[in-house]
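Subject: The structure, and what turned up in it

Hi,

Here is the structure I said I would pass on. Have a look at it first, and then read on for what I found.

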Amino acid sequence: MTARRHVAEDLAAEHSAVLGGLLREREELLATLDRVAALNGTARLIRESIGTHSGFVAELTGPEQAVIRWMSGTRTDALQDLAVPIGQGIGGRVLALGRPVRVNDYVSSQSITHQFDAQVRGEGLAAMIAVPIFSGTETVAVAYAAMREPRDFGDDAVQSLEDIAGEAGRALKLASVAEADRETALSAERLRMQSALHDSVGALLFSIGVQVRNLHEDISDNPALESRLRRLEGDVSAASRALRESLLALSESSPERALPVELAEHCRSFQARCGVPARFVQLAQVPRLDAERTGLLVAAVREGLLNVEKHASALSVVVSLLPSEDGVQVVVADDGTGHRTEDTGEPGTGMGLRALAERAARLGGRVSLVRDEEDGCTLRAWVPEPCRRR
């Protein structure tokens, strides 16, 4: 019995360790997908990994200014929410140069400006390194590591901070995609709510209004009841106006949000109609497009899904949205075996595809339909940003 109890205890301890590891991985993943958690974790990681007294992160709030928001190892609030314009202090110099900057003693350094000496003294800092955090090629934040006494930071410390900044940049990119996915899902839900309210509450109010007007005609000889009906008619009219305002508020969406919502809805409708799994994936945030370009990309996805429905005999479809070549691209890829145009790199022979190609060309874009090496076809439509025609 004792031996069996020991075995059970060992198994329980092993399962507990596995569960603990999974929970830690979950927390790390959630932190990666949350912008605030990623930056706050970066500040803590700087201090723990490099061995400095403090680490902090400033996020860009405009093209020429960053604000220090996340700190670890600090003793005061002297640096909290400090705005750092480009060119000022060590962080501003990083923004101006786009590369690491280090000082042995902040307040006596001749290589930086000294607008923030009071805050640095208030926190009791001396030696400092700052490096840019990139998302792609764009600086999105600045990472700092600092000591409370003067010292010479070596190349290894700079490299370590750059490595941490690189991880932070990748985490921010993932967080931005996750945020876009959440906002797309929210916008889609608002669209469904709008449709449901219009079809249910809107129709009910219309029906009540019609019945009230009909009653007016039947009771013209009853002034008291007619007065009550007029009040009811006024209430119905006010409720209808409130409903219209609510529906308008639910439908409000910026063009870059409207595009992924529209594409996701087309995938959902295709799957409900055909029974073929259709998945929408937004690979990264896309630049703002005008109505004409947005309409073209939506039309391309609609045409691609229609072709799959008619000809592909597909088991699954994936619709992708991504930034590409200073513009935006949508891709409709299926695994079907149906007969379609051969792989010519041209838009195909269908009237719909030819019309799409002509619309895209007028905007400086392009449309192509190609057969994949294995079964399936891929439709691509690309348009440039409005200010960057090709």
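Leaving aside its neighbours within four places in sequence, which residues is Ala333 in contact with? Please keep in mind as you look that this is a predicted model. The contacts of Ala333 are Ser316, Val317, Val318, Cys377 and Thr378. Ala333 itself sits in strand S9, and with a relative accessible area of 26% it is partly exposed. Between Ala333 and Ser316 there are 8.6 Å from C-alpha to C-alpha, and the two are 17 residues apart in sequence.

Now for the overall picture. The chain has 390 residues, and 41% of them count as buried. You will find 9 helices and 11 strands. Among contacts with a separation of 6 or more, 61% join residues that are 24 or more positions apart.

Next, the cores. In soluble globular proteins, nonpolar side chains tend to be buried together. Here the largest nonpolar core holds 36 residues, and those with the most contacts inside it are Leu259, Leu263, Leu297, Val317, Val319, Leu321 and Val330. Elements that give two or more residues to this core include helix H7 (255-274), helix H8 (291-312), strand S8 (317-324) and strand S9 (327-334). The most comes from H8, with 9 residues. If you want one residue to click on, try Val319: not counting residues up to four places away in sequence, Val319 touches Cys267, Arg279, Phe280, Val281, Val301, Leu305, Val331 and Val332. Apart from this core lies another, of 23 residues, with Val84, Val94, Val101 and Val103 among them.

Val94 brings us to helix H3, where Gly89, Ile90, Gly91, Gly92, Val94 and Leu95 are buried. The buried residues of H3 pack against six strands by name: S1, S2 (65-72), S3 (83-85), S4 (101-103), S5 (128-135) and S6 (138-146). Just after H3 comes Gly98, with a positive phi of about 70°.

H3 also matters for the cavities. A search of the whole structure gives 2 cavities of 30 Å³ or more, and the largest has a volume of about 90 Å³. Its lining is made of 14 residues, with Ile68, Leu82, Tyr106, Phe116 and Tyr144 nearest the centre. Helix H3 (residues 89-97) supplies the largest share of that lining, 3 residues. By type, the lining residues of the largest cavity are 11 nonpolar and 3 polar, with no charged ones.

Finally, two threonines. Thr52 is in the loop between helix H2 (35-50) and strand S1 (54-62). Is Thr52 buried or exposed? Thr52 counts as buried because its relative accessible area is 5%, which is under the 20% cut-off. A polar atom of the Thr52 side chain lies 3.1 Å from the backbone oxygen of Ser54. Setting aside neighbours within four places in sequence, Thr52 is in contact with Ile46, Arg47, Ala145, Ala146, Met147 and Phe153. Thr42, in helix H2, is also buried, at 7% relative accessibility. Not counting residues up to four places away in sequence, Thr42 touches Val57, Ile164 and Ala168.

Happy looking, and best wishes!

Conventions:
Residues numbered from 1 in each chain as written. Predicted model: local features only at pLDDT ≥ 70, side-chain atom pairs only at ≥ 80, totals over all residues. Heavy atoms only, no water. 1 Å grid on protein atoms, 1.4 Å probe; cavity = no way out; pocket = protein on both sides within 12 Å on 5 of 7 lines; lining within 4 Å. Points joined across faces, edges and corners; volume = space filled by probe spheres on them. Helix = DSSP H or I, 4+ residues; strand = E, 2+ residues; numbered from the N terminus. Nonpolar A, V, L, I, M, F, W, Y, C, P; charged D, E, K, R; others polar. Core = buried A, V, L, I, M, F, W, Y, C linked by side-chain atoms within 4.5 Å. Buried < 20%, exposed > 50% of the residue type's maximum accessible area, 1.4 Å probe, protein only. Contact = heavy atoms within 4.5 Å. Polar contact = N/O pair within 3.5 Å; in protein donor to acceptor, adjacent residues only side chain to side chain.
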